[in-house]
There are 2 protein chains.
Amino acid sequence: MKAVFIGAGNVATHLALALQNKGVTISQIFSRTSSNAQVLAEKLGISFTSEINELDKSADIYIYAIKDGALRHLISKIALPKALHVHTAGSISLRVFEGYAERCGVIYPLQTFSKNKMVDFSQIPICIEANSPEVEQELLEIAHLLTKKTYILNSEQRKKLHLSAVFACNFTNHMYAIAADLVESAGLPFEILQPLIAETADKIKTMSPRDAQTGPAVRFDEETITKHLSMLKEKAELLQIYKDLSLNIHQKHKKK
Amino acid sequence: MKAVFIGAGNVATHLALALQNKGVTISQIFSRTSSNAQVLAEKLGISFTSEINELDKSADIYIYAIKDGALRHLISKIALPKALHVHTAGSISLRVFEGYAERCGVIYPLQTFSKNKMVDFSQIPICIEANSPEVEQELLEIAHLLTKKTYILNSEQRKKLHLSAVFACNFTNHMYAIAADLVESAGLPFEILQPLIAETADKIKTMSPRDAQTGPAVRFDEETITKHLSMLKEKAELLQIYKDLSLNIHQKHKKK
């Protein structure tokens with residue numbers, strides 16, 4: 001099986017390297033951003049292009065790992081209806097391929113990818129959607145090269161999963177970023193928070209997040225909350241975030 | 001050295017068990033909530049009381065691990081000015097002991113404690129404050145029984161650290177709780193998110209949270225953000241949280 005990757009960002013980089021490592025032939029990287037394409041192509045030891053008319057048209061599968069906004073346009077430009085077309089986006093319906101691909105699907109790896117951080121694909125859930133049972137089988141075989149954790153999800157489920165991942169990952173990471181700024185303002189190193197962050201993530205392997213909750217909001221400790229709000233009074237956005245989250249925690253636990 | 005614990009909640013439970021395990025004699029548990037006191041006393045194989053007049057007055061150190069709101073009142077009631085008095089609260093100044101204790105300090109373990117989840121104290125930073133160099137040395141010796149990660153912080157630093165811990169732990173855990181509700185609404189198990197949560201926490205051991213950020217907000221992917229907001233339109237609180245956090249992430253990264 002020969003694959004072409006459309007895109008050279010974080011997802012494309014990790015997925016292409018992992019698939020090549022499992023014996024899939026990646027023949028070419030296409031990216032509008034030539035410099036990104038070159039970097040990934042060099043890692044894979046293959047060719048790249050940023051010109052649509054130089055695209056390798058002989059591949060069995062075209063894997064799109066690009067920004068959602070660019071996906072529709074590129075699908076219409078590539079226009080190879082006999083090949084298998086697959087995207088990797090959480091929030092884009094399979095219907096994006098309608099009219100452009102007879103065989104199409106989605107391979108959505110549920111993970112946060114940064115270029116300089118290796119990940120273990122065997123631990124990553126991969127969510128599959130396909131426009132036929134045959135394509136589904138084909139995509140499952142590809143996914144199983146990488147992980148045992150495969151899920152068959154429709155576009156609606158995947159969209160909800162992606163939204164939940166924004167909370168579980170991006171917003172969580174932003175909590176770390178805010179915390180980092182706050183400890184640094186106290187003259188302390190960020191590393192002081194790392195055991196706390198590790199334990200917070202570890203707890204929910206054996207307890208529900210609801211049962212794992214601690215701190216002033218769940219205790220409705222008004223004295224501490226008032227102190228914290230007063231410390232944030234010069235930082236309007238953080239003040240609002242602190243208020244909204246404390247109230248939301250309190251409401252969730254009141255309903256017990 | 002003989003210690004009495006005032007309080008029988010999560011912090012008292014973990015700290016008392018860990019200290020006893022390192023050879024510190026805990027003589028008694030005092031808690032207004034008799035049932036909690038009994039549970040902890042049984043774990044330690046010692047006596048308990050919920051009556052202030054039955055308090056063991058012969059201890060060397062009184063360790064207060066109780067709700068912030070109750071601390072002031074109990075300090076004034078216990079009134080044993082010759083003993084060493086120590087609290088464990090992030091947001092309470094050392095001055096709370098003024099007039100009630102000649103020798104006082106703070107032992108603040110920076111961790112999230114739930115009764116049914118064991119923790120490894122050797123990984124926990126313990127923050128110390130004391131009203132004299134002698135007490136500081138004494139408290140450092142106690143802390144070093146448990147961990148090498150000790151920090152000398154004043155009350156102002158500790159208060160900022162506690163605020164940052166609310167973001168790094170309590171608010172982070174609430175992001176997990178929201179994500180759990182969302183995946184369950186898609187008919188998916190919470191466990192699908194666990195590798196993502198683990199990797200998000202793991203990344204910031206080697207990257208700053210700022211560099212680790214991914215997702216629609218940092219990419220300013222308006223199409224995805226719009227979809228997500230529309231999925232949350234029936235949930236006003238979550239909609240507000242999503243908007244505020246996405247905007248805050250975007251602003252933070254714009255300033256790069």
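Hi everyone, let's start with one residue, Asp221(B): it is buried, with a relative accessible area of 8%. Before I go on, please keep in mind that this is a predicted model.

So where along the chain does Asp221(B) lie? You will find Asp221(B) in the loop between α8 and α9 of chain B. Its side chain is joined to the side chain of Arg219(B) by a polar contact of 3.1 Å. Leaving aside residues up to four places away in sequence, Asp221(B) touches Pro216(B) and also Asp68(A). That second partner belongs to chain A, and it takes us to the interface.

How many residues of each chain are in contact here? On chain B there are 95, and they meet 95 residues of chain A. The area buried between the two chains is about 8800 Å², and carbon and sulfur atoms give 67% of that.

Let's look at the charged and polar links next. Across the interface of chain B and chain A, the rule finds eight salt bridges. One pair to find on your screen is Lys117(A) with Asp202(B), whose side chains meet in a salt bridge of 3.2 Å, N to O. As for polar contacts, the count between the chains is 38 residue pairs, with both residues at pLDDT 80 or more.

Which helices of chain B supply this side? Those giving at least two residues each are α3, α5, α6, α7, α8, α9 and α10 of chain B. The one that gives the most is α5(B), with 27 residues. Sorted by class, the side of chain B that touches chain A has 47 nonpolar, 27 polar and 21 charged residues.

Now let's cross over to chain A and pick Val119(A). This valine has its place in the loop between β6 (103–109) and β7 (126–130) of chain A. Is Val119(A) buried or exposed? Its relative accessibility is 15%, and the cut-off for buried is under 20%, so Val119(A) counts as buried. Who are its partners? Not counting residues up to four places away in sequence, Val119(A) touches His14(A), Gln111(A), Thr112(A), Phe113(A) and Ile124(A), plus Glu199(B) from the other chain. If you want a distance to try on your own screen, take Val119(A) and Thr172(A): they are 53 residues apart along the chain, and their C-alpha atoms are separated by 19 Å.

Next, the aromatic rings. Over all chains, the structure holds ten aromatic pairs. One of them is Phe167(A) with Phe171(A), an edge-to-face pair at 5.0 Å centre to centre, with 85° between the planes. Both sit in helix α5 (residues 155–185) of chain A, four residues apart, which is about one turn of the helix. Phe167(A) counts as buried because its relative accessibility is 0%. Phe171(A) is buried too, with a relative accessible area of 0%. And which residue joins these two phenylalanines in one aromatic cluster? It is Tyr242(B), a residue of chain B.

Finally, let's step back and view chain A as a whole. There are ten helices and eight strands in it. Along its principal axes, the C-alpha trace of chain A spans about 65 × 40 × 30 Å. Of its 256 residues, 58% are buried. And if we take the contacts in chain A with a separation of 6 or more, residues 24 or more positions apart account for 50% of them.

That's my tour, thanks for listening!

Note on methods: Residues numbered from 1 in each chain as written. Chains lettered and ligands numbered in written order. Predicted model: local features only at pLDDT ≥ 70, side-chain atom pairs only at ≥ 80, totals over all residues. Heavy atoms only, no water. Phe/Tyr/Trp six-rings, centres within 6.5 Å; stacked < 30°, edge-to-face > 60°. Buried < 20%, exposed > 50% of the residue type's maximum accessible area, 1.4 Å probe, protein only. Contact = heavy atoms within 4.5 Å. Buried area = accessible area lost by both parts, 1.4 Å probe. Salt bridge = Lys/Arg side-chain N within 4 Å of Asp/Glu carboxyl O. Polar contact = N/O pair within 3.5 Å; in protein donor to acceptor, adjacent residues only side chain to side chain. Nonpolar A, V, L, I, M, F, W, Y, C, P; charged D, E, K, R; others polar.
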